[in-house]
Amino acid sequence: MSKNQKTLAIIFGGTGDLAYRKLYPALYKLYQNDYLNKNFAVIGTARRSWTDDYYREVIVDSIKELKSSDESASEFASHFYYLSHNINDAENYRELLDLAKQLDEKYKLEGNRLFYLSVSPKLFGTIATQLKSGNLLSDTGYNRLLIEKPFGTNLKESNLLDREILKTFTEDEIYRIDHYLGKEMIQAIPMLRFGNPLLKKIWNHHYISNIQVTLAEDIGVEDRGGYYEQSGALRDMVQNHILQVVSLMLMDEPDCYDSQCVCREKITVLKELVSINEDNISEHIVRGQYIESADYPELMAYRSENEVSTDSEVETFVAGKFLSKNKNWKDTPLYFRTGKRMKGKNTQIDIVFKKDLPLLFDDLELSKNVLSIHIGPEEGISFKMNDKKAGMLLDSEAIRLKYKEEGKIPDDYERLLLNALEANKTSFVHAEEVSESWKHIDAIRAAWKDNKNPIEFYPVMTNGPKKAFELLEKNGHEWIWD
């Protein structure tokens, strides 16, 4: 990767929480590692009436835990400029263009521009249109649009959103961010699968019993009750994070490791998933909502959270089973679950291998082999296998071989921002991936609307409703992480 990237980043929503917590620290890490040096500038825009000086104070505060020195932080912040901005006002875009031209000349940016929309998706189309009519698109360098999920709230909205953005930017210029794709152990999946002859050979239904994806949170909805009432766990977590993981776990080996080849295989996975709808939803999906518990009297039920309806039917937990029509995954379920107020914070993938007992030891109690990919908070890989228990007798015990990632691991946004600077789209989401994901989510929600899958309740600090366990038990399986 080349150092000293030349770019002007224009951040819409520059005063927001995402920019403060994620974007500015990520940019500083790139600066520390010399990917950004003298030839970069950032324009933050929002409605607030901030000055450049105040904006730079905010930048310095956002990196206070990372800064190598006060001088380094000050020099970094000097590249930041602020413009109070009304996204509907054409005059504001003329001011933005004037500033962009000044900074391009001052920092020798060669016309390269990143437009980061850290705003509500309903504003994406308006901003894209104004950027085009306001002549903000560069003629001499690149133009790249970075947008955050959610990419709409259903297939119809998502397609409309794309049509609006594509009036200004080409698909090649659009970088849809799913920050899970920037995580170290998610990045490691292709190497793990296709870089090891042993795993490559046995990564199919002949050897794998089932795959499990867990995205568990121990926090509640916090101050996001209003948002969660409109979203719920299915749209907030499954449509994006979980289905992206599913596609990486089940995809066939790409012809090459670039964005087009990887994207093509991921789209194929999503098309080959068996649709979950009103005909089979009771066999495939469990949805839940957390309630109070006598063991944790200080924690409230979801319906008692701020901005949440007292009779809300919104799910804070969803577990399910995907099946694929691909011959490599015949009758091999991929289970998933995600939820709030579960008993621990954990993100991991478990590959459970079939327990074909060798006749030589069929009188011993042998455990199933399990390969686990630990995504967070701990990062690494572990493998559960059988060994002889020390002693005079021939007995078995399960042991766990474990590798823990050490050293400096890039932050999700640090990696994704650098990928965007490098025009590497492998870790970004294509429009067709979004569409195929929404088809599955819309079918599930339609069945819910018809009350085909009533909500189950689970006490706070547990791992979901009883039916989430029965979902596996009726197939002879059990959750690995419990």
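This is a guided tour of two sheets, the helices packed on them, and a set of salt bridges. The model is predicted.

**Stop 1: the six-stranded sheet**

Select strands 1 to 6. They form an open sheet in the order 3-2-1-4-5-6, with parallel pairing. Go to the edges. Strand 3 (80-84) and strand 6 (174-177) sit there, and each pairs on one side only. Now look along the sheet for its twist. Neighbouring strands are turned by 20° against each other on average, direction ignored.

Zoom in on strand 6 and its partner. Strand 5 (residues 143-148) runs parallel to strand 6, and four bridges join the two. Pick Glu148: its bridge partner in strand 6 is Ile177.

Add helix 1, residues 17-32. Helix 1 packs on this sheet. Its contacts are strand 1 (7-12), strand 2 (40-46), strand 3, strand 4 (113-117) and strand 5. The direction of helix 1 makes about 170° with that of strand 1.

Next, select residues 52-62. This is helix 2, which lies across strand 2 and strand 3. Helix 2 runs at about 125° to strand 3.

**Stop 2: helix 1 against helix 13**

Keep helix 1 on screen and add helix 13, residues 412-421. Two packed helices are described by the angle between their axes and the distance between the axes. Here the angle is about 65°, and the axes of helix 1 and helix 13 are 8 Å apart. The crossing of helix 1 and helix 13 is right-handed.

Show side chains at the contact. Helix 1 brings Leu18, Lys22, Leu23, Ala26, Leu27, Lys29 and Leu30. Helix 13 brings Tyr413, Glu414, Leu417, Leu418 and Leu421. What classes of residue make up the contact of helix 1 with helix 13? Colour by class to see nine nonpolar, no polar and three charged residues.

**Stop 3: the nine-stranded sheet**

Select strands 7 to 15. These nine strands form an open sheet in the order 14-13-12-11-7-10-9-8-15, and the pairing is mixed. Visit the edges again. Strand 14 (396-404) and strand 15 (456-459) each have a single partner strand, so one side of each is left without a neighbour in the sheet. Neighbouring strands in this sheet are turned by 20° against each other on average, direction ignored.

Move to strand 7 (residues 208-216). Strand 7 runs antiparallel to strand 11 (residues 346-353), joined by eight bridges. Val213 has Ile349 of strand 11 as its bridge partner.

Add residues 225-250. This is helix 10, packed on the sheet. Helix 10 touches strand 7, strand 9, strand 10 (334-339) and strand 11. Its direction makes about 145° with that of strand 10.

**Stop 4: strand 8 and its two neighbours**

Select strand 8 alone, then bring back its surroundings. Is strand 8 largely enclosed or largely open? Six of its seven residues are buried, so strand 8 is largely enclosed by the rest of the structure.

On one pairing, strand 8 meets strand 9 in the antiparallel sense over four bridges. Ile285 stands opposite Gly320 in strand 9. On the other, strand 8 runs parallel to strand 15, and four bridges join them. Find Gln289 there: its bridge partner in strand 15 is Phe457.

**Stop 5: salt bridges**

Side chains of opposite charge can pair when their charged atoms come close. The model has 20 salt bridges.

Start with Lys266 and Glu433. They form a salt bridge, with the closest N and O atoms 3.1 Å apart. The pair links distant parts of the chain: Lys266 lies in helix 11 (residues 259-272) and Glu433 in helix 14 (residues 431-449), 167 residues apart. Lys266 and Glu433 are both buried.

Jump to Arg303 and Glu313. Their salt bridge has its closest N and O atoms 3.1 Å apart. Arg303 and Glu313 are in the loop between strand 8 (285-291) and strand 9 (317-322), ten residues apart. Check the surface: Arg303 is partly exposed, with a relative accessible area of 25%. Glu313 is partly exposed, at 43% relative accessibility.

Now select Lys67 and Asp70. Their side chains meet in a salt bridge (2.7 Å, N to O). Lys67 is partly exposed, at 31% relative accessibility.

Finish with three residues at once: Asp162, Glu171 and Arg176 are linked in a network of salt bridges.

Terms used:
Residues numbered from 1 in each chain as written. Predicted model: local features only at pLDDT ≥ 70, side-chain atom pairs only at ≥ 80, totals over all residues. Heavy atoms only, no water. Salt bridge = Lys/Arg side-chain N within 4 Å of Asp/Glu carboxyl O. Buried < 20%, exposed > 50% of the residue type's maximum accessible area, 1.4 Å probe, protein only. Pairing = 2+ DSSP bridges. Axes fitted to C-alpha atoms, helices over the stretch in contact; angles between N-to-C directions. Contact = heavy atoms within 4.5 Å. Left-handed = near helix turned anticlockwise from the far one by under 90°. Nonpolar A, V, L, I, M, F, W, Y, C, P; charged D, E, K, R; others polar.
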